[in-house]
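Visitor: I have a structure to look through and a few short questions. Can we start with the surface and work inwards?

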Amino acid sequence: MLIVCLYVDDLIFTGNCEVMLKAFKKSMMDEFEMSDLGKMHYFLGIEVVQSTNGIFICQQKYVREILDKFQMRNCNPVNTPNEFGLKLNKDPGGTKVDSTLYKQIVGSLMYLTATRPDIMYSVSLISRYTEKPTHMHLSAAKRILRYLQGTKDFGLLYQTGQKPHLYGFTDSDYAGDEDDRRSTSGYAFMLGNGAVSWSSKKQPIVTLSSTEAEFVAATACACQAIWIRRILEELKFKQEGATTIFCDNISTIKLSKNHVLHGRSKHIDVKYHFLRDLVTNEIIDLEYCPCEDQVADILTKPLRVPTFVKMRKLLGVCSLSK
């Protein structure tokens with residue numbers, strides 16, 4: 001959780017946290033020969049800009065490097081990392097491409113998702129076809145690079161003056177995989193006005209309805225919420241009350257709260273009903289949000305340009321120069 005640590009360290013560290021940070025620095029300097037260089041500016045390819053307005057993290061230099069590496073320096077930019085309505089499959093009859101090159105592109109893009117949740121779904125999607133990539137898959141990968149061409153300087157902005165209140169969004173794309181009909185789960189957690197944790201992942205099971213797919217996604221999201229809450233508690237920012245998770249499926253919310261609906265969900269694996277316990281114990285509060293405000297949509301499916309730009313902004317992804 002590097003992003004959370006940066007955010008807490010420089011935006012909302014007070015009282016005991018400052019003492020803890022100073023004690024840690026002193027113990028490290030006593031144990032090892034080292035110097036305190038002040039605020040972080042660059043770490044493992046992540047650029048950090050700190051000011052009175054907040055913290056901005058990006059990988060602008062890294063984006064330029066991968067564009068150069070794959071001969072895409074002068075490519076034409078596009079507005080989204082994938083076409084609206086794009087559906088990839090194994091494409092058994094397609095023209096095979098160099099799998100080594102394809103894996104290198106996927107691997108390079110995976111590291112970029114550390115500061116770019118806006119490409120998380122696209123990278124997750126193309127990573128499913130590293131075994132036998134075809135021209136169709138390579139074209140999808142190159143489109144992501146073309147998107148990066150126009151958004152090199154984009155990153156995550158964490159503004160000052162925001163309360164350290166954790167909340168999340170969960171969504172799924174029902175039966176979106178054309179090969180095995182599995183759904184894609186997506187979630188994003190916000191602390192203040194910037195994303196601190198996000199995921200886009202194909203579900204491990206085949207679900208029988210959109211409600212079940214959303215329920216499975218919400219359970220994974222709730223588990224992540226518990227982990228983040230524990231991390232924040234270690235950093236002296238214990239979350240008071242339940243963590244709100246926004247979902248755009250009313251049936252899923254009812255299923256998490258109403259045990260009478262068991263007859264409609266008895267085929268769902270028992271482990272996913274862990275969500276009910278979290279809701280009952282008021283650790284998680286699953287609330288409805290309309291589809292047009294569902295930030296996790298950007299992590300589960302290709303979107304139209306206006307919707308994509310809106311969700312990207314809500315995640316806190318932007319450019320300091322704009």
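Visitor: Is phenylalanine 32 buried, exposed or partly exposed?
Guide: This is a predicted model, and in it phenylalanine 32 is partly exposed, with a relative accessible area of 48%.

Visitor: Where is phenylalanine 32 found?
Guide: Phenylalanine 32 is in the loop between α2 (16-31) and β1 (42-43).

Visitor: Which residues form a nonpolar patch with Phe32?
Guide: Met29 and Met34 form the patch with Phe32 on the surface. Together the three have about 290 Å² of accessible area.

Visitor: OK, charges now. How many salt bridges does a search of the whole structure find?
Guide: The search finds 12 salt bridges.

Visitor: Which residue does lysine 301 form a salt bridge with, say in strand β5?
Guide: That is aspartate 171, and the closest N and O atoms of the pair are 3.1 Å apart. Lysine 301 lies in the loop between β9 (284-288) and α11 (305-314), while aspartate 171 is in strand β5 (residues 166-173), so the salt bridge ties together parts that are 130 residues apart in sequence.

Visitor: And aspartate 171, buried or exposed?
Guide: Aspartate 171 is buried, at 2% relative accessible area. Lysine 301 is partly exposed, at 22%. The cut-off for buried is under 20%, so a value of 22% does not count as buried.

Visitor: What does aspartate 297 form a salt bridge with?
Guide: Aspartate 297 forms a salt bridge with lysine 301, and their closest N and O atoms are 3.0 Å apart. Aspartate 297 counts as buried, with 10% relative accessibility.

Visitor: What about aspartate 180, what is its salt bridge partner?
Guide: Aspartate 180 forms a salt bridge with lysine 202, with the closest N and O atoms 2.9 Å apart. This pair links distant parts of the chain, 22 residues apart: aspartate 180 is in the loop between β5 and β6 (184-191), and lysine 202 is in strand β7 (residues 194-202).

Visitor: How accessible are aspartate 180 and lysine 202?
Guide: Aspartate 180 is partly exposed, with a relative accessible area of 27%. Lysine 202 also counts as partly exposed, at 25%. Salt bridges that share partners join Asp180 and Lys202 with Arg128, Asp177 and Arg182 into one network.

Visitor: Back to β5. How many of its residues are buried?
Guide: 7 of the 8 residues in β5 are buried, so the strand is mostly covered.

Visitor: Which strands is β5 joined to?
Guide: β5 and β6 run antiparallel and are joined by 8 bridges. The bridge partner of aspartate 171 in β6 is glycine 186. β5 and strand β8 (residues 243-247) run parallel, with 3 bridges joining them. There, phenylalanine 169 stands opposite phenylalanine 246 in β8.

Visitor: New topic. How many disulfides are found?
Guide: A search of the whole structure finds 0 disulfides. A disulfide is a covalent bond between the sulfur atoms of two cysteines.

Visitor: Why is there no bond at cysteine 247?
Guide: The closest cysteine sulfur to that of cysteine 247 is in cysteine 289, and it is 7.3 Å away, too far for a bond. The cut-off is 2.5 Å. Cysteine 247 is buried, at 0% relative accessibility.

Visitor: And cysteine 291, how far is its sulfur from the closest cysteine sulfur?
Guide: The distance is 7.6 Å, again to cysteine 289, and that is too far for a bond. Cysteine 291 counts as partly exposed, with 44% relative accessibility.

Notes:
Residues are numbered from 1 along each chain as its sequence is written. This is a predicted model: local features need pLDDT of at least 70, side-chain atom pairs count only at pLDDT 80 or more; totals for chains, interfaces and linings use all residues. Side-chain values use heavy atoms; hydrogens and water are left out. Patches are made of residues with over 30% relative accessible area and no salt bridge: like charges are joined within 9 Å, nonpolar side chains (Val, Leu, Ile, Met, Phe, Trp, Tyr) within 5 Å. Accessible areas come from the Shrake-Rupley method with a 1.4 Å probe; for residues, only the protein chains shown count as cover. A salt bridge is a side-chain nitrogen of Lys or Arg within 4 Å of a carboxyl oxygen of Asp or Glu. Helices (H or I, at least four residues) and strands (E, at least two) are DSSP runs, numbered from the N terminus. Buried means under 20% relative accessible area, exposed over 50%, partly exposed in between (1.4 Å probe, protein chains only). Two strands pair if DSSP finds at least two bridges between them.
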